[in-house]
Amino acid sequence: MSRIKYRQALRDALREEMLRDERVFCIGEGIGERGGSYKVTDGLIGEFGPGRVIDTPLSEAGFVGLGVGAAIAGSRPVVELLFIDFLLLAMDQVVNQAAKYRFMSGGQGHVPLVIRTQGGAGNSLAAQHSQSLEAMFVQVPGLKVVMPSTPADAKGLLKAAIRDDDPVVFIEHKLLYMTEGDVPDEESVVPLGVADVKRPGDDVTLVAWSHMLTKCLTAAEELAAEGISVEVVDPRTLVPLDIATIVASVRRTGRLVVAQEAPRRGGVAGEIAAEVSERAWDALRGPVVRVAGRNTPIPFNLALEQASIPQIADIVATVRGVVGARTPVA
Amino acid sequence: MPDVDIDLLERMYTTARTIRRFEERAVEQYRVGNIRGYLHLYLGEEAIAVGAIAGLEPDDYIVSTHRGHGHALAKGHEPGPMMAELFGRATGYCGGRGGSMHVASGALRNLGANGIVAAGVPIAVGAAMAVRQRGGREVVVDFCSDGSSANGVWHEALNMASIWDLPVVFVLENNQFAVSTPISASARVARLSERAAAYGMPGITVDGNDAVAVHEAMREPIRRARAGEGPTLVECMTYRHGGHHVNDPGLYLPPDELQRWKAHDPVDVLRARLLASGVPAGRIAEIDASVEATIEEAVRFAEASPQPSVEDFLAEVSAL
Ligand SMILES: Cc1ncc(C[n+]2csc(CCOP(=O)(O)OP(=O)(O)O)c2C)c(N)n1
């Protein structure tokens, strides 16, 4: 094991996959000499050259489409979008092209494309640089959606995404790049579609991904001090979703809270709530409850920004309420 | 260069100097933590906003960019509420909800800065369409960047403006870099204004560090737009005085190139023009002192302004 930063783990994954498979290349804005806004591609151009680490003009629809074409024709592109907000400029290529090509071509072709991008609030970057848009991609059959919360997951899942034969939207979080964690020294590929119990517990299941997962771990720690035992489950990939692990946990705890940074309406938390309600209604001791972002564009002002997304105190209060609902104080 | 009215020259100098000092003070306020997030400075590019807006009428529209403080100040935004928006305060132009990248004013007809490069270009075309539809005579000036001209939507927008002869002038601020990527790595044409030919509209390139040259170059495009004869692409050559944003040291800018452009400073160019026109140095010092006082007052106003109310915000979003 080595203790490394999330951004370093991502960089290691890219480097190892580029060494392993010469079809893998990276393309995006300022990823070469500049090494990317969050330094994930730092130094890669020196090692692999400008033919495999390619700086683009500000042409998002164009270079995402280029990635689709290169993938169909035999390369393994990792396309970087500085912000998930800018991926919206390339939605046709992602949704109408990449996601559907295998199906529409009757299986003659496929699109081994990874779109690496980052989202989330927390740095006062305002409404167009802070969004949590995963639900949009989860809604599109043909796409896989990966949202790692730890350096080890970031590395292992990025490797799996690059090796996957179909398009993967790989969403990082801007507040995670500088976080540290243990990462195996030996090769470790984390398969897509396998959830991870990040903290075992008995009283309530708390599901979260990406940066919200780290907030939930802190909340679980606080709740433990009150005698509430929280099981924190990280699905790690939203498509495919390992609902079995979540259901198994709920069958033991009897309660489910799902926390997401994205706005409440139409979100993945609602999807997970519905899946669990359908599959484990008999085991639930109360309604599934969501902790989610407000239905608002992210404000610039710091206090308003914080008020627009769930904070640790919100998670603690919600879990407390859910557990208390089952065992009212005598 | 034709003679320029002294009053106009003084006004242009005052605005350029105001933008310069506003930006310098904003950097200082960023360093002490009063401003957060992204802060893209207009230092070194002041002459474009000043020159492009000098010939507009108050009802004319502008569409701005992520590097938009200069556009807003030149369009008449008050430094106080501008600075307050950068601070995220309730008294800012957007009530602290937008910040530096989203300054807008309906009253002053600034349709807004934008966090998405090139997104403002079709919005400008749409505003021009609305003007046409209601039989208005306003012109829309769309500030856009060299980077934006690589984006598909830029091409779509210029083409539509051209086929419908819409009253818009595209002012392309070519500061020759998109973050650290030089324009030579993004375009193979020597001048981005050459692209105008592809849409059948006039395209010109002008010294963007000389406000008078920009003002002169804008005369015919503004007249043309107002007369319903269609759009023009005006490329203004310039250079940032530093990195892409306040926290980027800009080490990739070739030092000799940066030095050359700094020696051709837009504020100095205007000052030299004032002196050459016989305006005494004492008068310029007076202007400088009054700008200084205005900006100092703006900083104080921002500092003293209240934070937006969280309760009001929550009430507002519950309806969304
Ligand atoms: C569509 C889009 N892509 C990328 C970005 C990130 N970004 C912000 S400014 C910038 C560089 C812009 O360069 P240019 O357009 O020339 O304007 P300048 O900053 O030089 O004024 C980039 C890449 C963005 N905001 N929007």
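**Figure 1. The ligand sits between two chains.** In this predicted model, the ligand lies between chains A and B. Look around it and you will find a shell of 21 residues. The closest of them are A:Glu60, B:His66, B:Arg67, B:Gly115 and B:Ser145, so both chains appear in that short list. What classes of residue make up the shell around the ligand? Nine are nonpolar, eight are polar and four are charged.**Figure 2. Polar atoms of the ligand meet chain B.** This close-up shows three places where the ligand and chain B come together. At B:His66, an N or O atom of the side chain is 2.7 Å from an oxygen atom of the ligand. At B:Asn175, the side chain again offers an N or O atom, here 2.8 Å from an oxygen atom of the ligand. B:Val117 takes part through its backbone: one of its polar backbone atoms is 3.0 Å from a nitrogen atom of the ligand. How much of the ligand does the protein bury? Taken alone, the ligand exposes 570 Å², and the protein buries 96% of that.

**Figure 3. Chain B and chain A share an interface.** Here 32 residues of chain B are in contact with 29 residues of chain A. The size of an interface is often given as the accessible area lost when the parts come together. For chain B and chain A, about 2500 Å² is buried between them, with 63% of it on carbon and sulfur atoms. Which kinds of pairing cross this interface? Eleven residue pairs are in polar contact, while the count of salt bridges between the two chains is zero.

**Figure 4. Two helices on the chain B side of the interface.** Helix H4 (79-87) and helix H12 (310-317) of chain B each supply at least two residues of the side that touches chain A. The largest share, four residues, comes from H12(B). By class, this side of chain B has 15 nonpolar, 14 polar and three charged residues.

**Figure 5. A salt bridge within chain A.** Side chains of opposite charge can pair when their charged atoms come close. A search of the whole structure finds 48 salt bridges over all chains, and this view shows one of them, between A:Glu187 and A:Arg163. Their closest N and O atoms are 2.7 Å apart. A:Glu187 lies in the loop between strand E8 (180-183) and strand E9 (196-199) of chain A, and A:Arg163 in helix H8 (residues 151-163), so the pair ties together parts that are 24 residues apart in sequence.

**Figure 6. Two backbone details in loops of chain A.** Where is the cis peptide bond in this view? Follow the backbone from A:Val239 to A:Pro240: the bond joining them is cis, with omega near -5°. A:Pro240 is found in the loop between strand E12 (237-239) and helix H10 (243-253) of chain A. The other detail is at A:Lys39, a residue other than glycine with a positive phi, near 65°. A:Lys39 is in the loop between strand E2 (24-28) and helix H2 (44-48) of chain A.

Technical notes:
Residues are numbered from 1 along each chain as its sequence is written. Chains are lettered from A and ligands numbered from 1 in the order in which they are written. This is a predicted model: local features need pLDDT of at least 70, side-chain atom pairs count only at pLDDT 80 or more; totals for chains, interfaces and linings use all residues. Side-chain values use heavy atoms; hydrogens and water are left out. A residue is near a molecule or strand if one of its heavy atoms lies within 4 Å of it. A polar contact is a pair of N or O atoms within 3.5 Å; within protein, one must be able to donate a hydrogen and the other to accept it, and residues adjacent in sequence count only if both atoms are side-chain atoms. Accessible areas come from the Shrake-Rupley method with a 1.4 Å probe; for residues, only the protein chains shown count as cover. Ala, Val, Leu, Ile, Met, Phe, Trp, Tyr, Cys and Pro count as nonpolar, Asp, Glu, Lys and Arg as charged, and the others, Gly among them, as polar. Contact means heavy atoms within 4.5 Å. Buried area is the accessible area (1.4 Å probe) that two parts lose on being put together, summed over both. A salt bridge is a side-chain nitrogen of Lys or Arg within 4 Å of a carboxyl oxygen of Asp or Glu.
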